[in-house]
Amino acid sequence: MKFQGSDNYVATQDLMLAVNAAITLQRPLLVKGEPGTGKTMLAEEVSTALGMPLLQWHVKSTTKAQQGLYEYDAVSRLRDSQLADEESSTKVRDIRNYIVQGVLWQAFTSDRPVALLIDEIDKADIEFPNDLLREIDRMEFYVYETRELVRAKHRPLVFITSNNEKELPDAFLRRCFFHYIKFPDADTMKQIVDVHFPGLKQELLGAAMKTFYDVRNLPGLKKKPSTSELLDWLKLLLAEDIPLEVLQNKDEKVSVPPLVGALLKNEQDVTLFEKLVFMQRHNR
C-alpha cells in the first residue's frame, strides 16, 4: 500500500515519502503547515487514492479526548427510566443503548482498514494529546460502563493536522511521524492551479502569480495569503472576467489588485500594502 499522488492533489516527493513512511511504521502522520496549504485535503486524497473510507474528527477548543472514544448518555437513560411504557423500561435495562460510539471506536471496529483524520489537534487544551497517548499507541481502550475492551481489528491510517497554535507534548510527538508542508514555490503552485483551473491562459496566470507573490512577500503582513486564497482569488477573477490589463497596471497611481479581499483579510494589511506600493513606486 503506497501513496503515489492523485489527479486532484499535487503532492511533492517529500510529502509522498512522509505518507508512505507513516504507513510503513504504522504511526500517525502529524502534518503541520500554514493554514490553507492542504493539510486536511491530504487525508481526503490519500484515503481516496488507497481506496480507504475516511473518518473525520474536527477538533474544537471544547473537544475532549473521551468524545473520540465514546460518550455515555446518562441524561437520556434517566429520562427513559421515568417513562412508564414497557419499551422504555426494556431499553433502560441495557446500558449499551446509551453508549454513543466516537470516531476512534468506529475506526477500531471497522471490518476494513480506514483512514482517520484528527483535524487541528492544537485547538484543544494541552491535555488532549496526552489523553490519546495509550489509545493511539496500543490501538485499544476500555469501556467502563460495559466492562469491555475495544481493540482495533485493523490499525487505521491516522492523519493529525496542526496549525502550531500550541506546542504538542514530547510523548505524543514521539509516537508520530512528522512532516511540515512548506509553502509551494512558483512551479509547484502552477501545478496546483492547473489542477483546479485547467486551460487557464498563461498570461493571466503569470500576472496573477506575480501579484500574489508580491503581496505575500511584503514584510509586516499580519496574515499572508495562502494557497486556498490564491485559488479563491483566481476563481473570482475568472467569474468577474477581470481584464489582464488590470493586473498588469503600470500607472503611477497607488492601486491594489482587484478583489483584494480574497487575499488580504484585515484592514491593517490592506493599509500596509497601499503604503508599501506607494513607497516602491515613488522610490522612497
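Q: Is Glu 140 buried or exposed?
A: This is a predicted model, and in it the relative accessible area of Glu 140 comes to 13%. The cut-off for buried is under 20%, so Glu 140 counts as buried.

Q: Which residue meets the side chain of Glu 140 in a salt bridge?
A: Look for a side-chain nitrogen of Lys or Arg within 4 Å of a carboxyl oxygen. Here the N to O distance is 3.0 Å, and the partner of Glu 140 is Arg 151.

Q: How many residues apart are Glu 140 and Arg 151?
A: Glu 140 sits in strand S6, while Arg 151 belongs to strand S7 (residues 148-151). Their pairing links distant parts of the chain, and the spacing is eleven residues.

Q: Is Arg 151 buried or exposed?
A: Its relative accessibility is 54%. Exposed starts over 50%, so Arg 151 counts as exposed.

Q: Which residues are joined into one network by salt bridges that share partners?
A: Glu 140 and Arg 151 both belong to this network. Add Arg 134, and the network reads Arg 134, Glu 140 and Arg 151.

Q: Why does the salt bridge between Asp 125 and Lys 64 tie together parts that are apart in sequence?
A: The two side chains meet at 3.0 Å, N to O. Lys 64 lies in the loop between S2 and H3, and Asp 125 in the loop between S5 and helix H7 (127-131), so the parts they tie together are apart in sequence by 61 residues.

Q: Is Asp 80 buried or exposed?
A: Asp 80 forms a salt bridge with Lys 91, with the closest N and O atoms 3.7 Å apart. Lys 91 is in helix H5 (residues 86-93) and Asp 80 in helix H4 (residues 74-81). Lys 91 is partly exposed at 37%, whereas Asp 80, at 9% relative accessibility, counts as buried.

Q: How many residues does the largest nonpolar core have?
A: Those with the most contacts inside this core are Ile 118, Phe 128, Phe 141, Ile 160 and Phe 172. The full count for the core is 31 residues.

Q: Which element gives the largest share of this core?
A: Several elements each supply at least two residues, among them strand S2 (54-58), helix H6 (103-109) and strand S8 (157-162). The largest share is five residues, and it comes from H6.

Q: Which residues does Ile 118 touch, not counting residues up to four places away in sequence?
A: Ile 118 is among the residues with the most contacts inside the core. Leaving out those sequence neighbours, Ile 118 touches Trp 57, Val 59, Val 158, Phe 159, Ile 160 and Thr 161.

Conventions: Residues are numbered from 1 along each chain as its sequence is written. This is a predicted model: local features need pLDDT of at least 70, side-chain atom pairs count only at pLDDT 80 or more; totals for chains, interfaces and linings use all residues. Side-chain values use heavy atoms; hydrogens and water are left out. A nonpolar core is a set of buried Ala, Val, Leu, Ile, Met, Phe, Trp, Tyr and Cys residues joined through side-chain atoms within 4.5 Å. Buried means under 20% relative accessible area, exposed over 50%, partly exposed in between (1.4 Å probe, protein chains only). Helices (H or I, at least four residues) and strands (E, at least two) are DSSP runs, numbered from the N terminus. Contact means heavy atoms within 4.5 Å.
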